[in-house]
Amino acid sequence: MRDFRLKCFGLILLVILVMCSNFDGCEGRKGRRWRKQRSPSSSLSRKKVKHGGGHNHGSGGRGDYLSAALSPNPITEYPMKRAMFNVLDFGAKGDGITDDTEAFQAAWAAACKVEASTVVVPAGFEFLVGPISFSGPYCQPNIALQLDGMIIAPTDAKRWGSGLLWWIEFSKLQGISIQGSGTIEGQGSVWWTTMESDVDPINAELSMKLPQIKPTALRFYGSYNVTVTGITIQNSPQCHLKFDNCEAVQVFNMTINSPGSSLNTDGIHLQNSRDVMIHHTNMSCGDDCISIQTGCSNINIHSVECGPGHGISIGGLGRDNTKACVSNITIRDVNMHNTMTGVRIKTWQGGSGSVQSIKFSNIRVSEVQTPIVIDQFYCDRSSCKNQTSAVALSSIAYENIKGTYTVKPVHLACSDSSPCSDISLTEVELEPLQEHYHIYEPFCWQAFGELYTPTVPPIVCLQNGKPTSKPILSDDDLC
């Protein structure tokens with residue numbers, strides 16, 4: 001019996017030794033064998049499998065594919081999961097009454113330390129948040145705010161002090177994204193109230209206590225690689241979304257919504273920013289749907305719905321004798337309904353600098369007061385003094401602008417000392433909504449360029465060619 005037990009033990013030991021010899025020293029459970037097998041050749045074979053080895057995905061890498069498939073335990077690599085920081089875990093209540101500002105700050109402070117992390121604002125909650133800044137520059141890059149719930153602004157005057165330029169701000173960040181299906185609710189009606197007879201008395205009383213400086217709902221400052229998508233921003237006290245000194249910006253698949261009567265509520269405001277793409281966005285507001293200010297270049301806007309509002313504007317530029325530089329702007333495939341203007345360039349007298357290489361293409365207007373506007377005598381005050389210098393406008397193309405207007409089809413009012421040059425119009429067809437005494441003919445002043453196709457109505461006031469004399473530009477005029 002003893003001999004039998006020894007034989008059985010020896011047989012078991014032999015089996016174990018054979019198994020261990022096949023499994024590289026029985027270290028598989030520790031995970032070290034998988035790393036040991038990652039030789040350059042096996043890595044190359046996996047790359048070939050991934051890319052297919054050529055146009056014919058069924059050949060050219062079959063041997064590598066079979067080798068990988070028949071290996072005992074092929075390696076599978078998974079992307080690292082993002083670290084999540086839910087504001088509820090940091091004390092937020094989300095009841096629309098409790099002040100959740102500190103919880104948002106705490107969640108951001110934790111996420112700021114982790115690259116490619118996400119701050120989660122969950123659906124089904126309303127978070128009352130006061131003025132707040134999510135700031136770098138010491139935060140890790142590629143942080144996302146997953147906004148699926150609602151963030152609402154306070155209406156208590158004490159929260160705003162003497163007035164602030166912004167409500168929610170992201171500054172000096174790299175790779176910052178705001179995404180989701182949630183809403184930023186500015187509760188701006190208490191700021192828009194004017195002393196008219198039909199004003200809600202409760203809102204009128206609140207507005208008298210609030211400071212005159214109205215905040216922008218969402219502002220990005222000094223940031224690179226910024227994305228805003230999916231969310232809704234509504235009822236901002238003033239501008240809804242602003243980018244200042246930003247680069248590589250994308251805005252798409254989002255909504256901006258405020259009444260047409262809401263004062264100074266621009267949809268998207270761009271200033272000193274470049275390489276910006278805005279597309280597939282719906283905007284209704286009480287001012288410009290998109291406002292492009294000085295220092296902007298390489299701006300591409302397309303597939304946008306605008307109205308009500310004041311249209312899409314470049315400017316006003318050169319206010320208080322300042323220098324303005326704007327270039328390489330493309331605005332195309334836009335629908336505008338019930339707006340004050342369509343596509344507009346507006347500058348103040350006394351400014352300097354230039355606006356050049358502008359293209360407006362495939363614009364559809366419906367019930368727009370004045371679809372095409374250049375106004376170098378812009379003034380939003382009771383009166384403005386006449387001045388000689390002006391921001392120079394050149395290389396401005398209008399292509400395929402069609403639809404209906406209610407006041408005037410075209411208004412091109414350019415500077416006497418610095419006429420507009422190289423204006424081109426192609427396939428411009430604008431019909432009055434209805435014939436009545438308020439309809440005006442196209443207007444031009446010191447506007448030079450060319451009609452590449454007949455226009456409706458005929459724009460005979462555009463002067464053919466170039467200005468007879470060019471203004472002498474100083475260093476301040478050059479951009």
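Is Cys-139 buried or exposed? In this predicted model, Cys-139 is buried, at a relative accessible area of 13%. Its partner is Cys-112, with the two sulfurs 1.9 Å apart in a disulfide. Cys-112 is buried as well, at 15%. The S-S torsion of Cys-112 and Cys-139 comes out at about -110°, so this disulfide is left-handed. Cys-112 sits in the loop between helix 5 (101-111) and strand 3 (118-121), while Cys-139 sits in the loop between strand 5 (132-135) and strand 6 (144-147), so the bond ties together parts 27 residues apart in sequence.

That bridge has company: searching the whole structure turns up six disulfides. Another one pairs Cys-289 with Cys-306, S to S 2.1 Å. Here the torsion is 85°, and the link is right-handed. Cys-289 lies in the loop between strand 17 (274-284) and strand 18 (290-292), and Cys-306 belongs to strand 19 (residues 296-306), 17 residues apart. Cys-289 is buried at 0% relative accessible area, and Cys-306 is buried at 4%.

Now follow the chain to Cys-325, which is bonded to Cys-479 at 2.0 Å. This link is left-handed, with -85° about the S-S bond. It connects strand 21 (residues 323-337), home of Cys-325, to the segment after strand 30 (463-464), where Cys-479 lies, 154 residues apart. Cys-325 is partly exposed at 23%, whereas Cys-479 is exposed at 57%.

What about Cys-239? The closest cysteine sulfur is in Cys-285, 8.8 Å away, so the gap is too far for a bond. Cys-239 is nevertheless buried, with 4% relative accessible area. Cys-246 also counts as buried, at 2%.

Conventions:
Residues are numbered from 1 along each chain as its sequence is written. This is a predicted model: local features need pLDDT of at least 70, side-chain atom pairs count only at pLDDT 80 or more; totals for chains, interfaces and linings use all residues. Side-chain values use heavy atoms; hydrogens and water are left out. A disulfide is a pair of cysteine sulfur atoms within 2.5 Å. Helices (H or I, at least four residues) and strands (E, at least two) are DSSP runs, numbered from the N terminus. Buried means under 20% relative accessible area, exposed over 50%, partly exposed in between (1.4 Å probe, protein chains only).
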